[in-house]
Structures are given as C-alpha cells and as structure tokens.
Protein chains: 2
Amino acid sequence: MANASSCRILIFFFLLYNTLFLTSTHQYHPLDPLTPSELSRVRTIVKGSNPSPGFNLTFHYVGLDEPDKQTILSWILDPCTKKPPRRALVNTRAGKKTREIVVDLSKNSVISNRVYDGDGYPMLTFEEQIAANKLAMSYAPFTASISKRGLKLEEVVCESFTIGWYGEKAGNNRVVRVMCYYLDGTVNLYMRPIEGITLTVDLDTMKIMKYYDRLMVPVPKAEGTEYRGSEQKPPFVQSLKAITVLQPEGPSFSIDGNTVRWVNWVFHLGFDMRAGQVISLASIYDLDKDEYRRVLYRAYISELFVPYMDLTEEWYYRTFFDTGEYGFGLCAVPLEPLRDCPANAVFMDGYFTGQDGTPGTIPNVFCIFERHAGDVIWRHTESGIPGRVVREVRPEVSLVVRMVSAVGNYDYIVDWEFKQSGTIKFTVGLTGLLEVRGSIYTHTDQIQEEVYGTLLAENTMGAHHDHFLIYHLDLDVDGDANSFVKSTLQTTRVSNTISPRKSYWTVVRETAKTESNARIQLGSKPAELLVVNPNKKTKVGNPVGYRLIPGSVAGSILSDDDYAQIRGAFSKYHVWVTPYNKSEKWAGGLYADQSQGDDNLAIWSLRNREIENTDIVLWYTLGFHHVPCQEDFPLMPTLSGGFELRPANFFEHNPVLKIKPPKDVMWTNCSSSMKA
Amino acid sequence: MANASSCRILIFFFLLYNTLFLTSTHQYHPLDPLTPSELSRVRTIVKGSNPSPGFNLTFHYVGLDEPDKQTILSWILDPCTKKPPRRALVNTRAGKKTREIVVDLSKNSVISNRVYDGDGYPMLTFEEQIAANKLAMSYAPFTASISKRGLKLEEVVCESFTIGWYGEKAGNNRVVRVMCYYLDGTVNLYMRPIEGITLTVDLDTMKIMKYYDRLMVPVPKAEGTEYRGSEQKPPFVQSLKAITVLQPEGPSFSIDGNTVRWVNWVFHLGFDMRAGQVISLASIYDLDKDEYRRVLYRAYISELFVPYMDLTEEWYYRTFFDTGEYGFGLCAVPLEPLRDCPANAVFMDGYFTGQDGTPGTIPNVFCIFERHAGDVIWRHTESGIPGRVVREVRPEVSLVVRMVSAVGNYDYIVDWEFKQSGTIKFTVGLTGLLEVRGSIYTHTDQIQEEVYGTLLAENTMGAHHDHFLIYHLDLDVDGDANSFVKSTLQTTRVSNTISPRKSYWTVVRETAKTESNARIQLGSKPAELLVVNPNKKTKVGNPVGYRLIPGSVAGSILSDDDYAQIRGAFSKYHVWVTPYNKSEKWAGGLYADQSQGDDNLAIWSLRNREIENTDIVLWYTLGFHHVPCQEDFPLMPTLSGGFELRPANFFEHNPVLKIKPPKDVMWTNCSSSMKA
C-alpha cells in the first residue's frame, strides 16, 4: 500500500549539498546514481531553463538517464574510452502539466523537454502529501466530524491515498483521498482508523474537492496496539542471550564507489528514488575460463501492486502501485545497525530529490553483509569404500544487499543475495502494519455479512489484500543474445514390451519464439524455466543458462476486465519475457498514478515480438495473497517469499568445488563486553 | 536413493555398551529413544526367547514401542503418575520369515511375537548389504567382466540397490541388485559407474541368483570427479575471511535428556533408526495465558520416495524408499563441528541396532543451534506522525535442529527450525552426489535417442529423478480435537450498482468432513490450508489454528497404475489428512522393501474416515523434480526446499510483540585467533 507522506520526514535528511558534496566526477561509473551535487545542478539547470513560465514547478522524479546499453557494454570492454555523458531524467509538474525533461550535465543544459499529455501522473512527492494531509485539520466540516465523534483533533493524523482508476474518461484531476487515524495513546495510527470520513484533495491546486462523512464506526481502542519496546509492560518472554557475527579480519567484500566485489561476484549497486535497489552488470568469475562472465545487465523491482479486496466506499479504490505512485526508493528508510542488519554489515547512503528539486539523503539506505546462517553449500559423507570414510563439508556464506522500504503502513525488507555457487536469491519480507478497517463488530458471532477481512481485535477488521512485486531481470547470460526455454516435464506411457515400468517423465524443451510463448502461470504443470545463451555451449554441448526457481505461485485472481487488473495486468502471469527495450522499465506504467493501463507490460507484450536469440528481459511476479490473522495485530511478524536464479549448465561443473571453508575463529579467548 | 551399505561403516561406531551405558532409567521421558543399555537388553531378551529356533536371527529394526498417545498425554498432565512401561518394537528375520516382536523392558520379556506374512520386507541392514557387495569380488563371471573391460578389480567397489516391485505376484525373494563403480584415482565412485553388469543377490541366503553382463560402456574418467579439498589443485577461488557466530554467554536453550527448551518453545527430540529426527510434544508458551499450549504431538519424515526416470535394464527399478528400505536414521552421519553446523551448535548422539542386535552409536547425529542469519522478525518505521519518527526493529533468532542423512550418494540436510513467532519451518537441503549412468556419448550432438538425463561430462549421464519427502505432522493445535479447513480464495464478480470495482476475492472456508475432502494437489487454485481447533476460539471468535504454508508444488507425475506409483502413491497429493491411528506411521508402508502398495497412506485413506473435530494427522509431501545440470557434477551445490507451519489466530495477537532484541556484543575488544 499506501501512503508516502508517512515514508519519512523529508526535512530531517536534507543536505547542505553544495558544501558537502563537491566530489570529483572523475571516478564515476556511468551507471552511478546522480550524486547530491549532480542533483543540485539538475535543479539549477531545470529551474534556469524555466520550462513552465509563470507556474510553480515541482519535481516528481529525478534519476539517472541511463546511457544506452550498447554504450555501456562498449565502455565496459574498453574503460579507457570516453565515458558516456551524464544525463538526468526529470519529471516535473507545473500548470497541471507533466513534463519529461532530459538534462545533460556535461553541457549544463536541458537537451529535451516535452509535455506528457497521456493519462496517468508521475510519482507523488512527500511534500504534497503532507500538505494534503494538513488541509483536513483546518477544514470546518472535518473538525466538526471529529468533534461529533468525541475525538480530540490534536490526536488525529491523516494520510494521503492514491485513488486508482475506475473507468473515468481522460481529464480527471490529479487527486488523492485523505483518510485519518487517531493516536491518543498509541503511535500505531494504522490500527485506529476513523472510518467514514473522506476528503478528496486536488494535488495540483491543493484544494479539497469533495468531502463526506458517510458513517460512524467506533474507533478501535488504543489498548494493545502499541509496538514500541519502551512502552511494553511485563510480563515479558524470556530474553535471548547475546548473539552476534564475528569477522575479526573484516569483511570479504570491497566497495569501490558503487561497485561491489565479493569472492567471485562483481556488480554495481545503485539507488533510484522510484525502484530502490538497482543491480547492474552482475558478473561471476569463472575459475576455468579465468574470466568474469555476464549474468545480469540490470535488475530491480519494477512495480509493487497492492490491491485490497474491500468494496466499501472508503476502501474499494485501494489498489496501490507502490513503486510508481509512492516511490519504492523514496519510501526507503535508514537501516538501524545491529537490528535491521547484523553486526558485520556495511552501510551505503542514497540520494533523492525533494519537491523543490533540492537533493536529500537517506543515510544507511542499503546494508551489505555476509550472511553466515549455518547453512551448508555442499557436503558428502562417503562410506561406500570399504575401510574408509570420506567426509567433506563446506559451510555456506553468501552476500546480502538489503533495503527496507516502508511504504506507509507496510515495511518491505528486500534482499538480493549472491551465492558463491552462482545463485542469486531474491527475498522479500513483509512486515509492519496492516491496513485495518474500523468495524462495528467485536465478535465474529455478530457477523452476518461480507466483511472483506478477518476480525483481528474488537472493531478491527484486517482487510484481505495481495502484494505483487514484479522484478525486471535483464539477464545477459554470457552475452546479450539469449533465449527463453520452457522445459516441460511430460509423463510418458511405456508399453510393457519396452520396460516393466508403465511410465516415466521426460523433458520437452520449447524455446519461446515470441512473447506470447513466454507468458506463464506457474503451478499447473511442472516445468523448468531457463534463460539460455543459444550461442554458447559447454564442452559437452549443453547451452549455457540460468534457471528460474520460483517460490510462491500466487497470482492475481481479479477479473481481467477489472480496472485495477487492467492497470496491474502483469500480476496475472508469473513470468513474462520481452525483447530488451530501454523505454520498457515500469511494468505498471511509467505514469502509474491514475493510469488507465495503456502503457504497461501487458500492453507492450501484446505486440508479440520475437524473443529468440536476442537481448531479452525476464519479468517475474512474486505474489502474496494475504488473509490477515490475529498474529498480524498490532504489527506483523515478517512473512517472507522469494525466488532464485540458479546457474544451469552455465559452468562446466560445480563452481564451488574448490572453495575452502572460512578459517575457524577461536573466540574462546575473547573478552567481549555487552550492553543491553 | 540409494545404497545403505555405504551409509556408514558400522563397526566404527559400535559401543562397549555394557560398560559405558549403565545409566539410570529413573530420569527417562516415556518418549525417549531406547538407550544403548536398553537396546542391549532387547537383544538379550529377544535372543533368549529364541523366536526362530534353528535359524540365524538378524535384527532389522529396533525402536521404542511408543506408549499410547492418551497414556502419554495423561502422564504429561500429571508427571507424578507412574510412567508407562518401556517397550521395544523389533523386526527380525530368520528362516526367511519377518517377525514383529514386542519386548517389555520392565518385565524383561517378549510380550508379543508374530510372523508377518504379507508382502514387503523390513529395512535392510548395513551388514547384509556389505556382504552382498562383497560377493561380486570373488564371483568368477564378474571378475571376468571386470578384466574384459581392462579394469583393476582392487579399484572396484559395489553397492546394493533395492529392486522395488513390478507386478510380480507374492513369493518373490528378498533380493538386491548389486551394481559396481570404479575408483582408480577418485573417491567419487558414483561418477564412475561400470554400466551393464548386474548381480542379483538373495539377502536371506546371501547367494548370487542372477548375473548378467549386458553391455559395455566406457567408464567415465576420474579426472574432474574428485571433491576432497586435499586433492584440489590451484587455481582456487579467493578465500573468505574468517566468520563465526559468537554467543559469549552461551546458548539460550537448554537440553535436559531429550527435552529441549528455548525461549518460548519446549519439545522432545528423539532419534529413530528409521525416521531419523522425531519431534514430539512441541508446545509454545503463551504469555497472555501464562501457559504452554500444544502444537505438535509428533512430527517426523515418514518416507522419502526417489523414483528415477530411466528405463534401461540397469535403471528402471530405481524407485527407492529411503526411509523404509535403507533407514533415514540409520544413514544419518556424524555432523562435523564448524562445517555441518555453526560454532554455537550443541551436538547429540543417536543409537541404533546392528544386524546382530548389538547397539551402535552415531556421534553428533543432531546439532542444535541458534540461527542468527541477519533476518528481522518484525519492524516498522513510522513517519506519518508529524514531527516525529518511530522506528522499532527486532532481529530474528531461531532454533534449528539439524540431521544429515547420507543415503548412499545423496546427502539430505534436514532442518527443523523453531521461531519465536510460533512458526515451525521445515527445510531439506539436497546435496552430495548424483546417480549417473555411464554413457557412450561425449557430446550432446551425438544424441539421437531418449537418454533419460543430462550429459554432465563425457560419458556421464545425470539421470532425471524426483524426491518426495512426506512429513507426518500430528498437529494437536491447542488440544487433540482438530479440523482441517481449506480456505479457497474465490473471485467474485461485482455488479456496477454495488461498486466501481468489477471483482474482488473472498475466502470460502470449507471444513473437511472426511479424508477425501483433504487430499490436495497444490498449485492450481489459491487456498489457505489450516488445522484448527474448532472448540477453542480467540476472544473475538476466530478458531485457533495453524496454517500450512507450502513451498514447491512438485508432485509425482508418474501414472497412477505404475508400480512404483502404487507403492509411493502418497506423492500424488501434497496434502493428506487422516484420523490419528497409532499404526499408520509409514506413508510408504511399514514393510516398504518390495512392497506391493497395499499398506500405505493412499490405501488407509481410501476408507474415507471422518476427520472433523477429532484427533487428526496432517501429511505433507515436499517434492523436487530434478533435471541434473553440469553444476551438479561432480557433486551438487545444495538445493533447498521446505514449508512452514505458522500460527493463524492461534494467539490473540503478535506473540513476539514484546520480545527484546538480544544484547549487543561489543567484540571490537576481542583478540581472537584463527586457524586455516
């Protein structure tokens, strides 16, 4: 979901950019995110070009305008050549118009400036959400509604919700719905909705367009909603004794600018205010070939679609696009050392642009750490040789890049985990707060109607909803030209003249020719899904590849013609494959807010382009259906899901055969100290 | 699969039981596995009773004959009452007959002794497999076959393979097929099969019944098959720096006999030579109720079915039942500290019975450790309250109970992970060695026929196969009387008079009345699967429950009428529910070896018994389809799968709301030493 004004108090993290960030640009990598100094120059250049004379200009997105892929790849091959120019892509609003502006930082000028006049709007800014939320407080009908309920206005906080699209023709205003909550003894505002009241606010004029107070429902009580440790009262569960990770020689990875090197992996890690983590140019060292081999050109979470299943007036429109509407990166929060990440973590900051174009920073937006979870990367005990026992065991250590995005109520813990074996594991942990509806019910026995959720506590209905995260995975398996292969496991009957068996399964490999061959709903038929490089074979002749190992098979079950589903159509399939196209970045549409679904992955894919032996992008939808339960109240224990990309005939043999176990640490000598 | 003679060289671990294990029996828990001293007494009592006069007696299984569930539950309620008597269940063979013997240890006598004359045989012993393997070496036709191939007999090792059942009528002998491998420069025998030669050995007479040498295929070369660290040659991948887990105050769990207590969990951990880990009486402390509440009465891996998909004469019968044929516990291997388990692990031993009835021990058969993987059990950053930011983060620490069973070539890393949140996570990691077929092919271009696998290296075909582990999960959610509820997520169309939406999903709950209602193939329709206690409700009226969160949705796709599938019919469904029945323990049949599928879960379930509001058992099939790839050669990087049981309205609210983060350890002071 939800509401991005609450993502962070922007002002806390604004920087004195021009004094702190006079860093040289000589060392930059062409994919580095814009620095605060560059962001600041973008602001100056855009404002100086006066693109919308006479109107107040707001910045909704500023990010790196990536050089073309082939330009980057050529530069990688020969880094002595001139680097591609640094350019910024900017979305502004002014005079009710959205602009797409490209700034060339080397030329200090705007090189492209066009008005976007299609449907949908750019990402919301924090500042406009905060402003919209404030309007309620001085709006007489609202204050009357609050006092009618016997509530104290000073304990009311409001949040802005994007409204989606429900078939209205073009020309609708850029609005949010403002809904309010009650603190009064808790900080867990989301557990205390003030149902029935809706303000509709035009973000461009910052005016209340509609107001109604439709019904009165008891505000759920504060008792039991508090989650701050400082406010908890005994009894407590037995505490855990101290536990930590120890790396006396320091980490095994290095970070050079935005380039991370760890054992056999190298990749570029960037921050984008829309996508959050962006992994580029991930390559793995092949010991046999003595070279780094390409795996991923680019990977990031392209959209996060969160439709709720509640038809009531205050809820039906809640079909959020957290990336395109609120900014998954913008909502990223500073990670807390020793809590969000273990003791051996290293942190990186991220930079974004505020509404007026001023750069801000999110300290500790990423943490990078080696994960030592007690797993085993491979082992074998061999006792089949008379007179001897062979035992070889290698513990697993992997590298995690973590970001947490707190999009209003929900906290998404996003891990990218690199394994020495070549596997990349993608995990999302869902925690934080549910969106609950205030309800008249205090016991399930009273319920005789559809309530769209689970009664979690008195007057507290946890609404049914989904989460669909779609990953953009621009795999370049050992080069750009790749194919997508679906290997179906097919039961084959056997005649009794051939074998005592009656059946077995065999693998039927089908290379997807066009996009329609590669749209897959998982779960029904067993299949292995591979991205291969058909031009590269192993010595014995298998095409080199990477295999997608899916996790949950949850997909959207909304009707195809439902408006939210038209916009979030990517959620119907778990797998899509498209030919690489620089402009096809956002699976829910570039202008996701109030979009009408005419520029998204499902639409692009209708062209049914050829995808064989060419530069392709794999899209994977990681889905969760969420039927809340009482354990999710007042705050949810993390529920995790994920998937893997695992090498499949990419290497000639097990690439971790020769790894040595890490040195043993004899820490019995050590006199560690503790603090509670 | 496979071959249990190779599980362990038994003799290494035999104990001088009567000198070392004169432990008192006063402190025992009624579910404790039999001690070496008890096992030894069982041997004496059974031998003394002379159940099969005139015949050589062999022991195939000795384990605790568990007291009745109600007896245990009464004793738990009032531990001052007399403990139930200690009894052993024994399977012997003598004179080609299987006996089921019950020994009462308190009476020092056999209280029941009957001949089993149905189909199928008990578990194989190590000793008889070793004996069968040895026969080849002095069998002239075999030695001729070896020299015909130009191989050195002293480098040949053989393994015994169970033969399954292919429609033969009753009266077939108890036999294995003996297949051989070639070392000569490697310890990785499984990568060097000597194809074409099969010995069929009668285990009861220990005679070769059949021999043929059907075809000659090159033995794959030794080069590249070695996995021992000591034999690896440069270049090496960059080594990891030292990394470890530090718990300066020691672990947060305690082990009292076989009872493990950790934070809010208590459970009994036993070892069984057939099942391996057996978790009993797992209860979780509920802070609100100030009491332990029951979750699991009993849980263990009931069977592990591994069918291969190769129809050739030497392969078609490979449809192994690793638990019932080889003993998942018997094949468990000693865990290596710092490699198989992290530095903070505590180890436990396990005891079994050898063929002559003598007890043996598997040192370090289990490790128990707190897992500190860098995960977050819950968090939230709240920025929606003007003027303040609230951030609360709790790191996750869980408790893992690990066993590794090396059933011949394959190593199964079996983790039972208990979380403070009430979740139990079941994970199996597959590693070790593939079974490969020797092949004439050295390149895929040469292949024009069905080869049943992937060419992994020259002359090395990695055969397609499956792994189906079925977990017996006797959930007692807050008491014995439970129901199984399938909550289907159903798309509902909405008329435009009701809402601007066109669809949403709602939850249709269906309580399974009888067994047929609870057989579920996952993947096709979204559903939540719950075991609830219909007699216990939360304050707001939700039935208390636990939810099954499945992992992979791989299930068997063999034909229903295929012999292996008749025997391993449990693998067709991911979920089964049966009423509790003490005798229904082994989903693939009690006498799995050469069974004809007439005593297994699918057969029991045909009775279609009532399962509502009664003591029920949930069975979950965790499946893997395995299409080998070159990375699996010469040894597989671990591939993991699993599932979770997660509380769902079991607690009134988030049970970990009040946990405190573990104390921070300031280890910068510490002068640790390392060794390579």
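## A strand pair across the interface

A:Leu246 sits opposite B:Thr244, a residue of β9(B). This is a predicted model, and that pairing is a good place to start looking at how its chains meet. Strand β9 (residues 244-246) of chain A and strand β9 (residues 244-246) of chain B run antiparallel, with three bridges joining them.

## How much surface is involved

Let's step back to the whole interface. The size of an interface is often given as the accessible area lost when the parts come together. Here, chain B and chain A bury about 17,100 Å² between them, and carbon and sulfur atoms give 57% of that area. On the residue side, 184 residues from chain A and 185 residues from chain B take part in the contact.

## Charges and polar contacts

How many salt bridges are there between chain B and chain A? The count is 14. One of the salt bridges links B:Arg501 with A:Asp562, where the closest N and O atoms are 3.9 Å apart; with a cut-off of 4 Å for a salt bridge, this pair still counts.

Polar contacts across the interface of chain B and chain A come to 89 residue pairs, both residues being at pLDDT 80 or more. Sorted by class, the side of chain B that touches chain A holds 91 nonpolar, 53 polar and 41 charged residues.

## Symmetry of the two copies

What turn lays chain B on chain A? A turn of 180 degrees with a shift of 0.0 Å along the axis does it, with an RMSD of 0.0 Å. That is the relation of a two-fold axis.

The interface residues tell a matching story: 99% of those in chain B are also interface residues in chain A, so the copies meet through the same surface.

Terms used:
Residues numbered from 1 in each chain as written. Chains lettered and ligands numbered in written order. Predicted model: local features only at pLDDT ≥ 70, side-chain atom pairs only at ≥ 80, totals over all residues. Heavy atoms only, no water. Contact = heavy atoms within 4.5 Å. Buried area = accessible area lost by both parts, 1.4 Å probe. Salt bridge = Lys/Arg side-chain N within 4 Å of Asp/Glu carboxyl O. Polar contact = N/O pair within 3.5 Å; in protein donor to acceptor, adjacent residues only side chain to side chain. Nonpolar A, V, L, I, M, F, W, Y, C, P; charged D, E, K, R; others polar. Pairing = 2+ DSSP bridges. Helix = DSSP H or I, 4+ residues; strand = E, 2+ residues; numbered from the N terminus. Least-squares fit on C-alpha atoms with pLDDT ≥ 70 in both.
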